[in-house]
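Please walk through this structure step by step, beginning with a strand pairing and moving on to the packing of the cores.

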Amino acid sequence: MNILLIGGSCSLMNRLIIKLKKEGHRVHLLTGQQYSVSVSEYEKVFERYEFSYDNANLNEIFESVAPDVTLFLGAYDSNFSWQNGERESVRFISSLMNLLVAYSVVNKGKFVFLSSEEVYQGHYQKEIREEQPACAKGLRGVVLAQAEDICAGFRENWKRDVLVLRLDHLYSVPRDVEEMDGVCANMCRKAMETGVIRAAPDVACSLLYESDAVEFIYLIISAKKTNYSLYHLSAAEPLTEVGLAELVAGNMKEPVNVVPISKPYKSSRVLSNERFLKEFGGSVCHPPADGVKRVVSYMQKNRDVFLNGGKARPSLWKRMWRRFGWFLKASVPFLENMICFIPVFMLNNRTAGSAYFSRLDFYLFYVLLFAIVYGQRQAIFSAVLAVSGYLFRQMYTRSGFEVMLDYTTYVWMAQLFIVGLVVGYMKDRTRSVRAESEEIQQNLNRQLRDIKDINSSNVRVKDVLERQVIDQKDSIGKLYDITSTLDRYMPEEVLFYAVDILSQIMRSPDVAIYVVYNSNYARMFSASSKEARKLGNSIRYSDMGALYEDLAARKVFINRKLDDKYPLMANAIYENDEMKMIVMVWGIPWERMTLGQANLLVVISYLIQNAVLRAGRYMAALEQQRYMVDTQILEPEAFTSLVKAYQKAKKRNLTECTLLQIKALPEEYEEAGEVLMKNLRQSDYLGAMTDGRLYVLLANTVRQEAEIVVSRFKAAGYESRIVEKLGV
């Protein structure tokens with residue numbers, strides 16, 4: 001999913017980024033600040049936008065990202081300091097409005113706003129449920145309550161998917177004084193300063209550790225559908241101030257006294273998480289005992305930071321590496337050069353008076369070596385070292401003045417520098433040309449891959465069009481001629497033979513049609529092969545990932561990844577904006593999985609839909625004639641026609657069905673119908689036959705599955721047996 005996070009730098013934001021990236025989502029970040037923030041303050045994201053909330057380009061940002069989920073930190077956004085309450089409240093509300101308007105214009109995905117328990121104040125005897133109206137007194141709480149109302153208004157009036165999440169007393173391990181915004185951290189600081197914690201036994205709350213909050217938030221934003229627009233995220237473990245103070249004191253290294261104090265009022269605010277747990281599950285991984293221990297341990301370890309202010313200092317090694325690391329990296333070639341100079345200097349001294357090696361210039365080889373390996377810069381440095389070594393060696397037998405007057409010294413130095421500079425320049429030039437050529441090659445390779453993909457797609461489209469022109473099997477006239485044969489079948493047979501027609505036109509032996517019965521489940525009506533039945537008789541199509549997303553967007557699903565769990569192509573048939581049927585095609589060669597075949601499937605689906613609608617209208621017109629009066633039992637003529645259609649389709653391997661005979665007298669039919677229909681699916685039929693007996697037709701059911709239904713009827717008080725064919 002594309003996820004847009006909105007808010008300033010804080011530990012909650014960084015934990016969310018890490019969690020979402022770990023789960024494989026693409027994370028975009030809107031910082032809310034016009035000027036760039038230090039990269040180290042945020043975790044790395046796919047794309048970062050440095051824009052304020054009142055920027056005119058918000059719409060373009062939302063259009064560019066096209067987020068599936070937009071998460072605004074809201075109450076925990078560090079861009080709002082709340083020191084100047086009135087000004088911050090106006091800026092907060094206007095920022096939220098700008099973000100909601102930009103989100104509403106794009107109208108994609110869900111918008112999540114984080115609120116807090118501050119919308120409630122006072123004493124509550126029981127846990128606070130979502131139905132409890134907000135009752136805030138402080139300015140920040142009032143502003144958050146107003147922000148929640150704005151979100152609710154956008155959801156109801158603009159029909160947008162806007163969610164509000166209230167976090168109950170969120171706390172985390174603070175990294176410096178600025179992050180100390182929780183009661184736990186403040187108690188710990190008091191304990192370190194004075195050794196005494198004053199706490200009230202009549203004040204209670206529930207602490208939610210930050211990592212638990214991140215897990216709860218992820219469960220909600222990753223859900224495809226939510227039943228409510230407001231959820232409480234809470235640990236739901238009441239803890240008094242005295243109890244919290246005792247936890248803090250118990251984890252301190254030095255002794256700390258807990259002094260109970262009385263307050264003129266009681267205060268208990270514990271949010272109920274029952275709605276969240278019932279819908280999403282989840283559990284608290286960090287209870288107060290564990291979270292408080294972490295906070296106390298870190299603050300004691302960095303006592304000077306929290307008592308004297310400032311930020312936690314990294315270790316000495318990290319500080320040195322951060323400051324001098326660049327220098328060490330740049331010094332490595334120079335150190336290597338100096339180390340290599342020592343054996344060269346020794347070799348030159350040993351061979352100076354030799355009759356065999358006196359002509360060898362080891363300094364020249366040394367300079368050439370570093371010029372070839374590193375380039376001009378190291379060539380100059382090695383030449384300087386070589387000249388120094390040469391002058392030092394010459395002064396063994398001559399004075400420095402004599403060496404300086406010797407013109408051969410200058411000739412040798414010029415030779416050394418010229419050779420080193422020329423070779424070094426060639427090395428640098430070669431390196432530059434090679435890097436440039438590699439960059440050009442990579443760019444050309446990318447273009448070549450794109451051209452190959454485009455050409456491959458064009459070839460497949462060309463082949464499809466050629467086949468259409470040559471054999472005319474896929475022409476519109478031919479398609480209509482084939483699908484119009486559905487009009488010659490009985491209304492009960494239309495969907496059975498629609499599978500045959502789909503298989504013929506799509507040139508695939510594996511085709512299935514599922515009928516949708518609610519927003520989650522679909523039941524197989526007919527299939528042309530065992531391969532087409534591999535998903536089973538009943539599927540929960542809303543959990544089928546990319547397939548469901550494409551069908552819900554009224555697109556043809558193409559299984560380009562060749563995932564065995566999904567068909568190669570699928571299309572949904574709609575009626576009045578409601579999904580009615582799902583057509584699945586399995587056996588298609590890779591070269592025919594093109595846009596042309598997808599459009600062909602859409603055309604066939606519409607033609608089949610017309611035939612199905614005509615059959616449905618015909619059946620609806622004869623509704624009263626088909627059923628016995630005031631019952632759901634089909635008349636003998638209608639039921640016999642239906643059973644014959646199913647058994648005929650079964651012989652052609654288009655469906656599976658089982659016929660059950662019910663032991664009941666005609667005068668018991670009405671009562672039996674009410675009982676039996678409660679034990680049947682929507683796709684099953686109950687009807688009478690001309691032999692005076694009552695029957696049940698189980699669609700897409702084999703004999704073993706029918707035995708279960710027989711036992712179910714027996715438990716309901718009606719004997720039944722399986723019959724192989726019509727009893728007329």
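**From one bridge to the cores**

Tyr685 has Leu697, a residue of β23, as its bridge partner. The model is a predicted one, and this bridge is a convenient place to enter it. The two strands concerned, β22 and β23 (residues 694-699), pair in the antiparallel sense over 4 bridges. They belong to an open sheet of 4 strands, arranged in the order β22-β23-β21-β24 with antiparallel pairing. Because β22 (685-688) and β24 (720-723) stand at the edges and each has a single partner strand, one side of each is left without a neighbour in the sheet. On average, and with direction ignored, neighbouring strands of this sheet are turned by 30 degrees against each other. Helix α23 (residues 703-715) packs on the sheet, where it touches β21 (657-662), β23 and β24, and its direction makes about 25 degrees with that of β21.

Elsewhere in the chain, the largest nonpolar core comprises 71 residues, of which Leu5, Phe113, Leu114 and Leu167 touch the most other members. A second, separate core has 40 residues, including Val499, Val585, Leu634 and Ala699. In soluble globular proteins, nonpolar side chains tend to be buried together.

Leu167, when residues up to four places away in sequence are not counted, has contacts that include Tyr76, Leu114, Leu208, Ile217 and Leu271, as well as Ser115, Ser116 and Glu117.

Glu148, in helix α4 (residues 139-157), has a relative accessible area of 7%, and is therefore buried. With the same sequence neighbours left out of the count, Glu148 touches Phe113, Ser115, Val119, Val164 and Arg166.

Terms used: Residues numbered from 1 in each chain as written. Predicted model: local features only at pLDDT ≥ 70, side-chain atom pairs only at ≥ 80, totals over all residues. Heavy atoms only, no water. Core = buried A, V, L, I, M, F, W, Y, C linked by side-chain atoms within 4.5 Å. Buried < 20%, exposed > 50% of the residue type's maximum accessible area, 1.4 Å probe, protein only. Contact = heavy atoms within 4.5 Å. Pairing = 2+ DSSP bridges. Axes fitted to C-alpha atoms, helices over the stretch in contact; angles between N-to-C directions.
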